Every structure is written in structure tokens, then in C-alpha cells.
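Subject: Structure handover

Hello,

Here is the structure for your files. My notes on what was found in it follow below.

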Amino acid sequence: MLANLVRVVLIPSAVFLSVLFGGSFGSGREVVEFMSDNGPAGGFISIAIIAAVYSICLFLSFELSRLYKVYEYRGFYKLLLGRGWIIYELFITLAVIVALAICASSSGEVLNSHFGLPTLAGGFLLLLLVVALNYGGRDIVERSMVVSVLALAAMLIVLLAAVLATRSDAIASAFDIESSLSGAVRDGFKYSITNVGFIPLLLYCGTQLKSRRETLIAGICAGFAAIMPAVVFHLTFLADYPNVIAQTLPTYVMIEALTPALFLDAYVLVLFVLIVQTGVGMLQGAIERIDSWRKESTGAGLGKLGHAGFASAAVLASAALSSIGLVNLIAQGYNYLSIIFAIIFVLPLFLVGIPRIVSAGRANSS
């Protein structure tokens, strides 16, 4: 029973949330801009749309991977786009470079701003952890993500209890403020489609799913797990709504106001670890793709040292880009990823992926 819970629920949920959290929830600005900014009720509408898009795309991706035994993005995209799979590789490479550069810069800033550690020390610690976890391989990566997400879940429960116990009246009165339904729908789809574009990079977390029932459970659980931080943060922000909208770091401001200083220290440490996990999870997806290609051409993957070497080179290159400011230029194009991923991932997943799932299901049942 426990083993099934781990492989079907915990591992897919932990991998998806770990990769998203560092870049999506760390400061709280993303929750404000795409959810809370649409009003108290509008924020929950955005969150519901995001959860639905995540769950549907995760289920379809896991099921397509299971039926055709493809757990890295090149093989997956050959099913969706044929020779056009290279289009996804070009865009996901750009997205990963930007994400890693953000991780490299933000990891140092997190420890520097809160604990006073040198920025370089934070970046160096990021490099060590990324290399060590990728050296350990997929099992170590997945286990570390489960531990990190469980620690985050415990912190979210404490934060939710604190805000409900002390600010429930303020939260209730916030719902008197008008919400924007159209803005909530627009931002919900924009935010979710940008993030689901990374799913093909994370298919390795679905290698142990054995049936359509399991891929459905895994997709729904991972989709809802990925938005639980947004639910807690949005509720927390309503305790000081709409003043919190103007805050640069709303999560820090609210945690500092509602909890003891020790809790904020713990949150910053967990945030740092999850920023690391964002880089680790994305690089593991790239490693799976390289190993698959190597096995086809030479019969063997890179090996642990090759994995560690690739991870360290990727992080160092991204850190160099962030230090010279090139990533700021690239990040301007990052804003258009929702449109790009809608065209090269969501549409092919529905128009090509669903018919392939149906045809494979019929073939297996006959």
C-alpha cells in the first residue's frame, strides 16, 4: 500500500511541484500577478483553472508515455510531432537555460538577503547540491524531492493554521472586494500553459505507472499538489488585501507578520532547497534525453560521472549568463512561452496525443 502511494502519488507530485516551486512560488509575486491580482474570488477561479489544466495535461502525458514506453522528451515528441520534435528541443533548451540562470542568481540572493552569506557562497552551494543529486541518479533525485515537498507541506499547514487563527475576519471581509472573472480566466490559462510546457522534461517520474487508472490518479494528484502552495499563499495574502498586491516579496512580508522569526528562517532554507530542486529536476529530464540518445548510438548511457559533469557544466554556463545580464534579454522571450507551449505542446497533446492513446488502448484490449 505504502509502495503504491509513493510511486503513484508522491513521486509524480513531488517532482512536478519541486520543479515548479522555486521559479513559481518562491517570492509570491507570481501568485499575486496571476491569481490574487484578479480579486479574492478571482484568485481561486485562476487556481481552479490552473489545477484543471495541470491535471489533464499530466494525465495525458503520463498515459501516452506509459502506452508507448517513452519517458524522455525526444521519444515523446516523436509521437506528437514526428521529425518536428526538434522544435520542442529548441524551445525547452531556451527555457531551461533561463530557469537555471534564475536559479543560479536567486539561490545566492536568498541566502545573502536573509542570512548575510556571500552571494557566491549560495551559488557554490547550489552547484554542489545540483551536481551531487544528479550524480546520485534518478532514484536519489526523486527521493530528495519527496523529502523537500513533505517539509514544504508541513510549513504550509503551519502557515495556514496561523493565518486562519489570527486573520480569519480580515480574510472573510476581503471577499467583499470585486473580482475580475475575465482576468482570472485569462491569467489562469496563461500561467498554467506556460508551466505545463515543462511536463515532457519530467516524464521520468512516471516510469513506475502501470495502468490508465494509475496515470489518472498520478495526474490529478500532481496537478492539485502543484497548486496547494498557491491556495495557501492566496489565502494568506487576503489577510492584508489589497495592500499586499504592491509588495515586491509578498510571501516574506506575510510570513514575517504572521509567524515567529524562526519560521521565516526555516521557510528560507526550504525555499533554497526547492530552488535547487528546480534545477535538479530540469537537468534530470535533459540527462534522460541524453542517455536515451547515447544508448541508441553506443549502447550505454553517460554514467554517474557524465551526469555530474553535464549538470555542473549546465549550472556554470547558466550562472555565467546571469552574471553578464544576457539572461535578462532572453527572459523577455520567456514571457511568450504560454503562446509557444500552447502551439507546440498543448495542441499536439490534444489533437495527436488523445487519438494515439485511444488507438493504443483499443489495440491492447483486442
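**Glutamate 89 and helix H5**

Apart from neighbours within four places in sequence, glutamate 89 touches Tyr73 and Arg289. Please keep in mind throughout that this is a predicted model. Glutamate 89 sits in helix H5, which covers residues 85-115. Its relative accessibility is 14%, so glutamate 89 counts as buried, the cut-off being under 20%.

Isoleucine 102 is also placed in helix H5. With a relative accessibility of 40%, isoleucine 102 is classed as partly exposed. Between the C-alpha atoms of isoleucine 102 and leucine 262 there are 26 Å in space, and the two residues are 160 apart in sequence.

**H4 against H5**

Two packed helices are described by the angle between their axes and the distance between the axes. For H4 and H5, the axes come within 8 Å and the crossing angle is roughly 130°. The two helices, H4 and H5, are therefore oblique to each other. On the H4 side the contact involves Tyr73, Arg74, Tyr77, Lys78 and Leu81, and on the H5 side Trp85, Tyr88, Glu89 and Ile92. By class, the contact of H4 with H5 has 6 nonpolar and 3 charged residues, and no polar ones. Glu89 is thus listed in this contact, and Tyr73 of H4 is one of the residues it touches.

**H3 against H4**

Helix H4 spans residues 73-81 and packs on H3 at an angle of about 100°, with the axes 11 Å apart. H3 and H4 are therefore roughly perpendicular to each other. From H3 the contact takes in Ser61, Leu64, Ser65 and Tyr68, and from H4 it takes in Phe76, Leu79 and Leu80. The residues of the contact of H3 with H4 fall into 5 nonpolar and 2 polar, with no charged ones.

Phenylalanine 76 has further partners. Leaving out neighbours within four places in sequence, it is in contact with Ser61, Leu64, Ser65, Val70, Pro200, Leu203, Phe345 and Leu349. The largest nonpolar core has 114 residues. Phe76 is among those with the most contacts inside that core, together with Phe16, Phe21, Tyr54, Ile92, Phe233 and Phe345.

**H3 against H9**

H3 runs over residues 40-68 and H9 over residues 212-225; their axes come within 7 Å and cross at roughly 145°. The crossing of H3 and H9 is right-handed. H3 contributes Ala51, Tyr54, Ser55, Leu58, Phe59, Phe62, Glu63, Arg66 and Leu67 to the contact, and these meet Arg212, Thr215, Leu216, Ala218, Gly219, Ile220, Ala222, Gly223 and Phe224 of H9. The class counts for the contact of H3 with H9 are 11 nonpolar, 4 polar and 3 charged residues.

**Proline 229 and valine 149**

Proline 229 belongs to helix H10. Its relative accessibility is 1%, so proline 229 counts as buried. Beyond neighbours within four places in sequence, proline 229 is in contact with Leu17, Phe21, Phe25, Leu152 and Leu156.

Proline 229 and valine 149 are 80 residues apart along the chain, and their C-alpha atoms are separated by 11 Å. Valine 149 lies in helix H7, residues 138-174. At 14% relative accessibility, valine 149 is buried. Apart from neighbours within four places in sequence, valine 149 touches Ala14, Leu17 and Ser18. Leu17 is thus listed as a contact for valine 149 and for proline 229. From valine 149 to leucine 274 the C-alpha distance is 8.2 Å, with their positions 125 residues apart in sequence.

**Backbone points to check**

Most residues other than glycine have a negative phi, and most peptide bonds are trans. Two places are worth listing against that background.

- Lysine 69 has a positive phi of about 55° and is not a glycine. Lysine 69 is located in the loop between H3 and H4. Its relative accessible area is 60%, so lysine 69 is exposed.
- The peptide bond from tyrosine 241 to proline 242 is cis, and its omega is near 5°. Proline 242 is in the loop that lies between helix H10 (228-237) and helix H11 (250-258).

Regards

Terms used:
Residues are numbered from 1 along each chain as its sequence is written. This is a predicted model: local features need pLDDT of at least 70, side-chain atom pairs count only at pLDDT 80 or more; totals for chains, interfaces and linings use all residues. Side-chain values use heavy atoms; hydrogens and water are left out. Axes are lines fitted to C-alpha atoms, for helices over the stretch in contact, and angles run from 0 to 180 degrees between N-to-C directions. Helices (H or I, at least four residues) and strands (E, at least two) are DSSP runs, numbered from the N terminus. A crossing is left-handed if the near helix is turned anticlockwise from the far one by less than a right angle, and right-handed if clockwise. Contact means heavy atoms within 4.5 Å. Ala, Val, Leu, Ile, Met, Phe, Trp, Tyr, Cys and Pro count as nonpolar, Asp, Glu, Lys and Arg as charged, and the others, Gly among them, as polar. Angles under 35 degrees count as roughly parallel, over 145 as roughly antiparallel, 65 to 115 as roughly perpendicular and the rest as oblique. A nonpolar core is a set of buried Ala, Val, Leu, Ile, Met, Phe, Trp, Tyr and Cys residues joined through side-chain atoms within 4.5 Å. Buried means under 20% relative accessible area, exposed over 50%, partly exposed in between (1.4 Å probe, protein chains only).
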